[in-house]
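I sat down with a structure I had not looked at before. These are my notes on what I looked up.

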Amino acid sequence: MRKVDKQRLSTPTGLTDPQVIQTWDKIARTGDKTLIRDTVYKDTYKDAEGKTQSRVRDKLNEVYHHKCAYCERYCKAEIEHYRPKKAVAEDPAHPGYYWLCYEWTNLLPSCRYCNTEGGKGNQFPIMGTRISAPALDAAGNPDKSTYAAHAAPLLDEQPYLLNPEIDNPDDYLTFEINPTRSGVFIHGTDPSRRGETTIRICHLNRTELALERLAILQEAYGQMLLMINFLITQGDLKDLPLALGLVFRQLYDYANDDTKTHTLLRKHLIGSAAGFRKLVAPMFSDPDTRELVILAFDARTSPS
């Protein structure tokens with residue numbers, strides 16, 4: 001998961017169509033969820049080959065780079081409602097956030113494993129007081145100024161589920177190597193347990209994710225090991241700090257390339273001495289080599 005700025009994009013035109021707005025307002029006034037259409041919140045169209053596509057997904061791909069908002073894997077995204085539109089798992093009496101069915105700030109791209117394959121679904125636990133109906137103005141019309149996920153009153157619900165468009169994942173998540181070195185696992189760090197709850201809801205430690213993170217760590221380690229072995233064959237390690245500095249620079253560039261997968265992990269690998277010592281250094285079993293790598297990292301020139 002990484003921080004994403006979606007507000008710089010305009011709302012997809014299909015969500016602002018006058019007929020859509022009219023039906024949307026009716027849904028909000030009546031609570032009639034049978035009027036909700038996935039073709040609307042996806043803003044579907046046929047491409048040149050006659051295949052059904054989604055303008056909403058196209059827009060989301062501009063800022064998410066074809067990745068899931070939760071696990072950061074490449075995917076053909078499902079259009080996920082951050083606040084579920086028809087039911088809330090934690091509150092059977094709640095009708096769901098039906099009035100947010102076409103709200104742009106409530107739509108995220110998600111892979112099916114984080115969303116529908118035993119993932120988030122209708123889960124949406126909160127710490128505050130849950131809102132169960134839309135706000136209406138004096139004339140009885142829905143007040144759409146209250147629909148934004150990043151503002152009151154919805155933000156006052158204090159959701160447990162992290163939202164990459166609102167929350168900074170660095171404040172809630174960290175990584176650890178499995179003791180058997182069979183995977184890299186993600187853990188929550190905040191006392192409120194928002195990080196841990198998000199991990200649980202979206203199954204962010206499922207096997208394929210742990211293995212993919214391990215592969216990224218092994219790639220970083222492998223680049224350093226190749227450079228060290230090359231210098232050893234030359235019989236001189238005096239150029240090690242400079243040589244590894246080039247590797248660190250490349251890893252830093254990868255970490256700041258939003259098109260890459262698992263960018264949060266990449267930043268933890270190279271962004272701080274603590275992260276480097278925790279994740280990369282232990283990969284070197286030889287203590288002398290490990291110490292050389294740590295010294296080179298500490299001596300590096302800041303990439304910024």
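**Entry 1: the whole protein**

I count a residue as buried if its relative accessible area is under 20%, as exposed if over 50%, and as partly exposed in between. Buried residues make up 47% of the 304 residues in the protein. I should write down early that this is a predicted model.

I went through the secondary structure next and got 10 helices and 6 strands. A box of roughly 80 × 45 × 35 Å, taken along the principal axes, holds the C-alpha atoms of the protein. I also checked the contacts between residues at least 6 apart in sequence, and 68% of these join residues at least 24 apart.

**Entry 2: aromatic pairs**

How many aromatic pairs does a search of the whole structure find? I got 10 aromatic pairs. I picked W24 and Y102 to look at: their ring centres are 6.0 Å apart and their planes stand at 70°, so I noted the pair as edge-to-face. The cut-off for that label is over 60 degrees.

Where do W24 and Y102 lie? W24 is in helix 1 (residues 18-30), while Y102 is in the loop between strand 3 (78-81) and strand 4 (107-110), so the pair ties together parts that are 78 residues apart in sequence. I then asked myself whether W24 is buried or exposed. W24 has 5% relative accessibility, so I put it down as buried. Y102 comes out at 2%, so Y102 is buried too.

My next pair was F248 and F297. Their ring centres are 5.2 Å apart and their planes are at 80°, so this pair is edge-to-face. It links distant parts of the chain, with F248 in helix 7 (residues 240-255) and F297 in helix 10 (residues 287-298), 49 residues apart. F248 has a relative accessible area of 3%, so it counts as buried. For F297 the value is 1%, and that makes F297 buried.

I also found one aromatic cluster, formed by Y82, Y97, Y98, W99 and F124.

**Entry 3: charges over rings, and a look at D25**

Back at W24, I saw that K144 lies over the face of its ring, at 4.7 Å from the ring centre. Then I turned to D25, which has its place in helix 1. With 17% relative accessibility, D25 counts as buried. Which residues is D25 in contact with, leaving aside its neighbours within four places in sequence? I listed P142 and K144.

I noted a second charge over a ring elsewhere: the charged end of R194 sits over the ring of Y172, 5.2 Å from its centre.

**Entry 4: helix 8 and its partners**

I looked up how helix 7 packs with helix 8 (residues 263-270), and got an angle of about 150° with the axes 8 Å apart. That angle makes helix 7 roughly antiparallel to helix 8. Their crossing is left-handed. On the helix 7 side the contact is made by F248, L251, Y252, Y254 and A255, and on the helix 8 side by T263, R266, K267 and I270. F248 is thus on my list again, after its ring pair with F297.

Helix 6 (residues 207-233) packs with helix 8 as well, at an angle of about 35° and with the axes 10 Å apart. I noted the crossing of helix 6 and helix 8 as right-handed. Here R213, I216, L217 and A220 of helix 6 meet L265, R266 and L269 of helix 8.

**Entry 5: two loop residues**

I finished with two residues in loops. L136 is found between helix 4 (112-115) and strand 5 (173-177). Its relative accessible area is 48%, so L136 is partly exposed. Not counting neighbours within four places in sequence, L136 is in contact with N141, P142 and D143. From L136 to L242, 106 residues apart along the chain, the C-alpha separation is 63 Å.

H65 is in the loop between helix 3 (55-64) and strand 3. With a relative accessible area of 24%, H65 is partly exposed. What does H65 touch, not counting residues up to four places away in sequence? I wrote down R2, L60, Y74, D258 and T259. H65 and M283 are 218 residues apart in sequence, and their C-alpha atoms are 30 Å apart in space.

Notes. Residues are numbered from 1 along each chain as its sequence is written. This is a predicted model: local features need pLDDT of at least 70, side-chain atom pairs count only at pLDDT 80 or more; totals for chains, interfaces and linings use all residues. Side-chain values use heavy atoms; hydrogens and water are left out. Rings of Phe, Tyr and Trp (its six-membered ring) pair if their centres lie within 6.5 Å; planes under 30 degrees apart count as stacked, over 60 as edge-to-face and the rest as tilted. Helices (H or I, at least four residues) and strands (E, at least two) are DSSP runs, numbered from the N terminus. Buried means under 20% relative accessible area, exposed over 50%, partly exposed in between (1.4 Å probe, protein chains only). A charge sits over a ring if NZ of Lys or CZ of Arg is within 6 Å of the ring centre and within 35 degrees of the ring normal. Axes are lines fitted to C-alpha atoms, for helices over the stretch in contact, and angles run from 0 to 180 degrees between N-to-C directions. Angles under 35 degrees count as roughly parallel, over 145 as roughly antiparallel, 65 to 115 as roughly perpendicular and the rest as oblique. A crossing is left-handed if the near helix is turned anticlockwise from the far one by less than a right angle, and right-handed if clockwise. Contact means heavy atoms within 4.5 Å.
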